[in-house]
Amino acid sequence: MKNKLIFAFLIVTTTSLMGSSFAVGKIGLSYFSPLLLVGLRFTLAGILMAAFILLFKRTHPKSLADWLRMATIGAVQTAGVMGAIFLSLRTITAGESAILTFTNPLLVVIFGTLLMGIHYRLVQWGGVLIGFAGVFITMGSHLNLEAGTLLGFISAISWAIGTLLIKKWGVLFDTWVLTAYQMLFGGLILLAGSALLEDHLLVINATSISILLWLSIPASIIQFAIWFFLLEKEHPGKVSAFLFLAPFFGVISGWLLLDEQVGWSLAIGGALIFSGIFLVNWPEKQAKQALPEKVLP
């Protein structure tokens, strides 16, 4: 991509959509129960994307085993990650949830080493140490040990596992097909979870419909489209290095939309986490082992 201004604009657009979805989602909890909201979000987004890929005749899996792999990715990447995020928003701020969730690149290095034998560079391990120092500062000084704190970490763990599953199985699928159906499968799992586990809250009005449409289309489909476009046009490591902007926008949007306060511990801890994410995703000029590509909510 020759035009740096276009690249910068697209990076800011996609990461701001990622980050702002935390604050918008927290507002949505006034109208929807958590699992219902996120289930409707990704079921709708999955249906719309599935219609798109069917229209353009993208290659679909031919075996039951491959469909089950996509469903597994959906259960972890969409249902696990997004379900935990939206449940966490009941007891912690949008900014706190965003910071905890986006520690997932740090966990990818640890899980990738332990479970898949992937070798990472010293600078990446340095990023892990810096990032978790930031988590310690943020949690120790600012976050209350609410249920949402644990759920924020569960979302990060689920995202890291989903990233490694995509690294292992992603080559089997067309990227757009995988994205559409993992969202659809994950959304349906979340709706089933809502039906079984929560007391329903559903308020239908112009505001709630607008929130649902915003989360489903700009914050899911458009954000995915821009992210994958950038991954195709640039080195994945270079693009992923800017992932630190997403929790930054999560904190900023929580401040702007919800009047959430940003204390010094959150600011310092968040800055260390952002630095760690940046180092973990720092591209290698002649890398033999590429970093796992991120697939985002």
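This passage describes helix packing, buried cores and selected residues in a predicted model.

Helix α11 spans residues 245-258 and comprises 14 residues. The distance from its first C-alpha to its last is 19 Å, close to the 20 Å expected at 1.5 Å a residue. Several positions of α11 are buried, namely Leu245, Ala246, Pro247, Phe249, Gly250, Val251, Ser253 and Gly254. The cover over these buried residues includes α1 (4-28), α4 (94-101) and α12 (264-280).

Ser253 illustrates the buried part of α11. Its relative accessibility is 8%, and Ser253 therefore counts as buried, the limit being under 20%. With neighbours within four places in sequence left aside, Ser253 is in contact with Gly19, Ser20, Ala23 and Leu258.

Just after α11, the chain enters the loop between α11 and α12, where Asp259 is placed. Asp259 has a positive phi of about 60° although this residue is not a glycine. Most residues other than glycine have a negative phi. In contrast to the buried Ser253, Asp259 is exposed, with a relative accessible area of 55%. A positive phi is also found at Lys57, a residue other than glycine, with a value near 55°. Lys57 belongs to the loop between α2 (34-55) and α3. The relative accessible area of Lys57 is 74%, so this residue is exposed, a class that begins over 50%.

Two helices that contribute to the cover of α11, α1 and α4, also pack against each other at an angle of about 135°, with their axes 9 Å apart. Because of this angle, α1 is oblique to α4. The crossing of the two helices, α1 and α4, is right-handed. On the α1 side, the residues that meet α4 are Phe22, Ala23 and Lys26. Their counterparts in α4 are Ala94, Ser97, Ala98 and Thr101. Ala23 of α1 thus appears both in the meeting with α4 and among the contacts of Ser253.

A further helix pair is formed by α3 (residues 64-88) and α7 (residues 147-169), whose axes come within 8 Å and cross at roughly 160°. The pair is therefore roughly antiparallel, α3 to α7, since angles over 145 degrees fall in that class. The crossing of α3 and α7 is left-handed, whereas that of α1 and α4 is right-handed.

The largest nonpolar core contains 69 residues, of which Phe86 and Phe102 touch the most other members. Beyond its neighbours within four places in sequence, Phe102 is in contact with Met18, Phe22, Trp159, Leu243, Ala246, Pro247 and Ile277. Apart from the largest core lies another core, of twelve residues, including Leu106, Leu107, Tyr120 and Ala160. Of the residues in contact with Phe102, Ala246 and Pro247 are buried residues of α11, and Phe22 is one of the α1 residues that meet α4.

Helix α9 (residues 206-233) holds Ala225, and Ser210 also lies in α9. Ala225 is partly exposed, with a relative accessible area of 29%, and Ser210 is likewise partly exposed, at 44%. Both take part in pairs that are distant in sequence. Ala225 and Thr14 are 211 residues apart in sequence, while their C-alpha atoms are 8.8 Å apart in space. For Ser210 and Gly28, the separation is 182 residues along the chain and 9.6 Å between C-alpha atoms.

Methods. Residues numbered from 1 in each chain as written. Predicted model: local features only at pLDDT ≥ 70, side-chain atom pairs only at ≥ 80, totals over all residues. Heavy atoms only, no water. Helix = DSSP H or I, 4+ residues; strand = E, 2+ residues; numbered from the N terminus. Expected span 1.5 Å × (residues − 1). Buried < 20%, exposed > 50% of the residue type's maximum accessible area, 1.4 Å probe, protein only. Contact = heavy atoms within 4.5 Å. Core = buried A, V, L, I, M, F, W, Y, C linked by side-chain atoms within 4.5 Å. Axes fitted to C-alpha atoms, helices over the stretch in contact; angles between N-to-C directions. Parallel < 35°, antiparallel > 145°, perpendicular 65-115°, else oblique. Left-handed = near helix turned anticlockwise from the far one by under 90°.
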